[in-house]
Amino acid sequence: MGHAIQLNTTRLHCIGAWLARPEGKAKAGLVVAQEIFGVNAHMRAVVDRFAAHGYVTIAPAFFDHVETGVELGYDQEGFRRGRELAGEVGLARAVEDVASAAETIASAGRIGCVGYCWGGTVALLAATRLGLPSVSYYGARNVNFLGEAPRAPLMLHFGERDASIPAEAIDKQRAAWPQAELHVYPSGHAFDRTVDPNAFDPSSAHLAFERTLAFFDRHLATESA
């Protein structure tokens, strides 16, 4: 369903992106913020899945600012290199890329953001800094931004067995953003990563996806949104 495009960014640097359009009239648009493994096959499948549900969806390749075409595996080396690249790119630049991607698909109507892991915090910042309705999946770095107030509706998904996001970190986010829809699942980190048998939790992933779709249908796709 999707295809690769080139995306102009605010820093006059062209990066790659994966873009998918629904059949028929689009409900709205979504920007997908990647995990630390690049816009790999899994992230492309995420984009295609949202497009199949009626959203023009785009995933900017944030790491192209440092290295073009990064697609990492879920082994120790993939984690190491992913963290390294995420540190080099930085969250601020990733948020700028979300803004550029949102502008690229602006003809779709209202635009939201959904992100996973490192991208989960990018999605949080899309709500606080860009005013985009956003869904953050297990953003371990969210606690660094408790002082930022969302300027748009926000949904947060966490796994109760996620060692990188302890219960107290979830509680801090619940207290900081009482207006957000916050859900905790009986799973670990990356429970929506369908290609990783060590992380994927089908029941949690299904429920979180249904809630995510309902959130975007409510805040982006309805006439009164």
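# A tour from arginine 218 to strand S4

Start by selecting arginine 218, which is partly exposed at 38% relative accessibility. Here buried stands for under 20% relative accessible area, exposed for over 50%, and partly exposed for what lies in between, with a 1.4 Å probe and protein chains only. The model is a predicted one, in which local features need pLDDT of at least 70 and side-chain atom pairs count only at pLDDT 80 or more, while totals for chains, interfaces and linings use all residues. Residues are numbered from 1 along each chain as its sequence is written, and side-chain values use heavy atoms, with hydrogens and water left out.

**Salt bridges**

Now add glutamate 181 to the selection. Arginine 218 forms a salt bridge with glutamate 181, and the closest N and O atoms are 2.6 Å apart. The term salt bridge requires a side-chain nitrogen of Lys or Arg within 4 Å of a carboxyl oxygen of Asp or Glu. This pair links distant parts of the chain: arginine 218 belongs to helix H6 (residues 202-221) and glutamate 181 to strand S8 (residues 181-185), 37 residues apart. Helices (H or I, at least four residues) and strands (E, at least two) are DSSP runs, numbered from the N terminus. Glutamate 181 is partly exposed, with a relative accessible area of 26%.

Next, select Glu67, Glu77, Arg80, Arg81, Glu84 and Glu88, which salt bridges with shared partners join into one network. The whole structure has 12 salt bridges.

Move to glutamate 71 and arginine 44. Their side chains meet in a salt bridge (3.0 Å, N to O). This pair also links distant parts of the chain, with glutamate 71 in the loop between S4 and helix H2 (76-89) and arginine 44 in helix H1, 27 residues apart. Glutamate 71 is partly exposed at 47% relative accessibility.

For a pair within one helix, select aspartate 171 and arginine 174. Both lie in helix H5 (residues 167-176), three residues apart, about one turn of the helix. The closest N and O atoms of their salt bridge are 3.0 Å apart. Aspartate 171 is partly exposed at 42% relative accessibility, and arginine 174 is partly exposed at 39%.

**Threonine 128**

Select threonine 128 in helix H4 (residues 118-129). Threonine 128 is buried, with a relative accessible area of 8%. Show the side chain of glutamate 148 as well: the two side chains make a polar contact at 2.8 Å. A polar contact is a pair of N or O atoms within 3.5 Å; within protein, one must be able to donate a hydrogen and the other to accept it, and residues adjacent in sequence count only if both atoms are side-chain atoms. Leaving aside neighbours within four places in sequence, threonine 128 is in contact with Glu148, Ala149, Pro150 and Arg151, where contact means heavy atoms within 4.5 Å.

**Cysteines and positive phi**

Select cysteine 117, in the loop between strand S5 (111-116) and H4. Cysteine 117 has a positive phi of about 60 degrees although it is not a glycine, and is buried at 11% relative accessible area. Why does cysteine 117 form no bond with the closest cysteine sulfur? That sulfur, in cysteine 113, is 14 Å away, too far for a bond. Cysteine 113 is buried, with a relative accessible area of 0%. The structure holds zero disulfides, a disulfide being a pair of cysteine sulfur atoms within 2.5 Å.

Then go to alanine 190, in the loop between S8 and H6. Alanine 190 also has a positive phi of about 60 degrees without being a glycine. At 1% relative accessibility, alanine 190 is buried.

**Strand S4**

Finish with strand S4 (residues 55-60), where six of six residues are buried. In a regular strand the side chains alternate between the two faces of the sheet. On one side of S4 are Tyr55, Thr57 and Ala59, on the other Val56, Ile58 and Pro60, and all are buried.

Add strand S2 (residues 14-20), which runs antiparallel to S4 and is joined to S4 by four bridges. Two strands pair if DSSP finds at least two bridges between them. Tryptophan 18 stands opposite alanine 59 of S4.

Then add strand S3 (residues 28-33), which pairs with S4 in the parallel sense over four bridges. Alanine 28 has tyrosine 55 in S4 as its bridge partner. From S3 the chain crosses through helix H1 (residues 41-52) to S4 in a right-handed β-α-β crossover. Right-handed means that, with the strands pointing away from the viewer, the path from the first strand over the helix to the second runs clockwise.
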